[in-house]
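This report works through one protein model, region by region. Keep the sequence and the coordinates open while reading.

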Amino acid sequence: MSQVATNGVIAGYEEHARTAIAKAVADLGLTPRGPIDLRPVPFAGTWGVASSISHALAGEAASAELAASGALEGLSKKEAKKLTSERARMLSVELAEKIAASLSASGAFASVDAANGYVNISFDANLVASGLVGEVLTRAQEYGAGAPRTERVMVEHSQPNTHKVFHVGHLRNSVLGVSVSRILTAAGYPVMEATYPGDIGMHVIKCLWCYERFHLGQEPADEQERGRWLGQVYTESDARLEYRKDLIGFLQTLIKDDPIFVESIDRLLKLLWREDADTEDIAYLLGRVSFGQELKDTEFRDDATIRKFWPIVGQQLRLELENEKPYVEVEGVDPPEMTPGERLDRWEELNQHIDWWPLVPGWREEIKQTFARWEAQEPALVARWQETREWSLNDFRRIFDELDAHFDVWFFESEVEEPGKEIVKELVASGLAEISDGLTVVKIDEKLGLTEPVYRTLPILRSDGTSLYSTKDLALTKRKFEEFGIDRAVWVVDVRQSLYFKQIFKILELWGFEQAKQAYHLPYEIVTLPEGIISSRKGRAPLYDDVKEAVLQRAREIIDEKNPELASDKKDDVAWQVGIGSIKYTMLARDNSKIVVFDLDEALSFDGHAAPYIQYAHARACRILENAEWDHAGAVDAANLGNLTLDFGEIQPEELALLQQISALPEEIQRSADQYRPLLIANYVYELAKTFNDFYHACPVIHSEEPVRSARLTLVDATRQALANGLWLLGIEAPNEM
RNA sequence: GCCCCAGUAGCUCAGUGGAUAGAGCAUUCGCCUUCUAAGCGAAGGGUCGUCAGUUCGAGUCUGACCUGGGGCACCA
């Protein structure tokens, strides 16, 4: 029974069943091709394991038998198949009966029967339940955890950029990273968690430029507000620098999907003519608009042209809105991107800053200079960077704390910039990298002798010698393995970076860095909004702090309604547990490969398949134990001494289902660790809550007679533990009352 | 053009080659004098994108195609 102690009670019984089936099969003179499959019996009212081994054996036998007898000759493929299939079904039923009979005769199982070609082995419920529940109570928080492993894993997640805001997109990453780390830990791996904030790069330069140039000293007095404020400065920097592109882009949209605008262009340009605009510019506009060709902001001779033209465009859009005709769909023609109302709004937005138009080229020049100052490590700029960076990091530390994300290592992009450049030098020296059109790249496919594009080409240094994201990741990967002695490194980064990571890992491998093979990119799909992609650049992102506030407020409202007697500070605790738990659960109860469309109304709905449902089941279990004045410590003692014996009397289907569900946790943990999928745990714990619900609706606990009462209370205790453990793996708290 | 991902109920999603494809939301109808109604029960709702193939057995594996999304030289 030592096997049972390490792998769990149920694993022991399963192993036992597997060996017995294998023996029964061998006694019949048959050899299964693969391992004996086992699964829970999929019917209510049973607890045990089923095998479809007789189907597999019968299939082979039927084919062989029919082929040998010549019965298939002259038949069409379809007919032959049908015949084989029918014969296999008959044989599998016979075989299952023989195997079941043999297992029954051995007397090793409570009951064995054959049904439909399956062999079903039922457990002696009271006996196995005592073992299982005893295991849950003695192992407590450790129940479900696997045997310790030696492979050391580093999980890097949570890579928000400083100088930008933390939004729900980052939230998915952190929540996923925390959960994957916990699941790997539970599966037995020693895990290191690492975060990697992007504290340098073009976004930082832009933000610093905008801060110095327009907002120096305007930062909020409250230090807690500064991170968010800085994010707004970043958004503004981008709006300024991209102003011309944005405006031209909008004109381009008008040309594409507003035929009335295009038809009116002659008249509009006549008006522009009267404004004394540059004639060549007018001709340029006329040509491009009437032929639907691409406009370029650099093609205008006079900066004043667009400023004169803009009010005219606005008048036209207003006119179109006033005379709006219902949109009629035409087959083969794409519907317009924007409604007339949206067009006017967008025009208005751009109009507010029309004076930016002539300034943009100068600003872009200033960005280059700021970048150069950074490269030269000008002390004043570096000091500014350190100060502002800290505002963002303050936010991140608080947010990670709130999310219960704890890191063993903090990597910063700024630390690996120089080491990265060193590696690039080596790569160039060794001939792996080359300089193509001034840009340092690795032509990976060429180096591998591939003719089809697979890895393509990766730039690893800008032509001006400044570092790229890739420059830094080369150094970081090396550092992870060499400095921290890990065996496997996992990057939790969204799916759009898949090719990029393939490239980085392959380059390191080509360079001769063996551990590159143990580097794994864990991709997950992005979070979008119902109206499209999240962009902190455009300032269109639900911020973590805002979503948190909304969700806490909603949770508090519901608590006030559902459980008004709860003490006020307790209400706050529960609101936090439920609110944060709900956000986390919606992120985790969707597979990594699925896009999450973030909708605040949905996030605020706590009904049905959501965290509170599971938390509620946990709270109910706690309350039952409390009302029964259940002696938890006594039960644990009994279990530790091996004295725990449960007597459910005539055991109910709901009790069996609950036992079966509790018993599945260890396997689910291993499976979700192997696949890096918290979803499996999210589903598991929901199913467990549901099964528990069924149980306590069907089976009175406190009001039942001994010994059933104690058996049920122990089962409730075990359920409470399994729910808490499952929620912990998701990073979600389990309230004792709510 | 090449590569990756998704396509299952009206919507959002589960589904480990195995028994009758399941949840939640939404809709309709029930259930609080019994351990918390954030709950429970019932009803309706499906050519599992299409077509071939592998298999005793395919929503699940393979191939082709269709639709949508993403990626592919100086963003991160």
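## Sheet and crossing helix

Helix 19, residues 469-484, lies across strand 5, strand 6 (191-195), strand 7, strand 11 and strand 12. Helix 19 runs at about 145 degrees to strand 11. The model is predicted.

The five strands form an open sheet in the order 7-6-5-11-12, with parallel pairing. Its edges are strand 7 (409-410) and strand 12 (519-524), each of which pairs on one side only. Strand 11 covers residues 488-494 and pairs with strand 5 in the parallel sense, over four bridges. Within this pairing, Met154 stands opposite Ala489 of strand 11. Strands of a sheet pair through backbone hydrogen bonds.

## Domains

The domain assignment splits chain A into four entries. Domain 1 is 2-123. Domain 2 is built from 168-201 and 392-529. Domain 3 joins 242-330 to 337-362. Domain 4 is 544-730. The C-alpha centres of domain 3 and domain 4 are 58 Å apart.

## Helix 24

Helix 24 has 17 residues, 611-627. At 1.5 Å a residue it should span 24 Å, and its end C-alpha atoms are 24 Å apart, so the two agree.

Which residues of helix 24 are buried? They are Ala611, Pro612, Ile614, Gln615, Ala617, His618, Ala619, Ala621, Cys622, Ile624 and Leu625. The cover over these buried residues includes helix 22 (568-588), helix 28 (678-698) and helix 29 (708-730). Just after helix 24, Glu629 takes a positive phi of about 50 degrees.

## A contact across the chain

Gln141 sits in the loop between helix 5 (125-139) and strand 5 (153-156). Is Gln141 buried or exposed? Its relative accessible area is 65%, over the 50% cut-off, so Gln141 is exposed.

Gln141 still has contacts beyond its sequence neighbours. Leaving out residues up to four places away in sequence, Gln141 touches Gln721 and Asn725. Gln141 and Asn725 are 584 residues apart along the chain, yet their C-alpha atoms are separated by 6.0 Å.

## Cysteines

How many disulfides does a search of the whole structure find? The count is zero. Cys207 is in no disulfide, and its nearest cysteine sulfur, that of Cys210, is 7.1 Å away. Cys210 is likewise in no disulfide, with the sulfur of Cys207 as its nearest. A disulfide needs the two sulfur atoms within 2.5 Å, so this pair does not qualify at 7.1 Å.

Cys207 has a relative accessible area of 0% and is buried. Cys210 also counts as buried, at 0% relative accessibility.

Technical notes
Residues are numbered from 1 along each chain as its sequence is written. Chains are lettered from A and ligands numbered from 1 in the order in which they are written. This is a predicted model: local features need pLDDT of at least 70, side-chain atom pairs count only at pLDDT 80 or more; totals for chains, interfaces and linings use all residues. Side-chain values use heavy atoms; hydrogens and water are left out. Helices (H or I, at least four residues) and strands (E, at least two) are DSSP runs, numbered from the N terminus. The expected span of a helix is 1.5 Å times one less than its number of residues. Buried means under 20% relative accessible area, exposed over 50%, partly exposed in between (1.4 Å probe, protein chains only). Contact means heavy atoms within 4.5 Å. Two strands pair if DSSP finds at least two bridges between them. Axes are lines fitted to C-alpha atoms, for helices over the stretch in contact, and angles run from 0 to 180 degrees between N-to-C directions. Domain bounds come from an automatic or database domain assignment.
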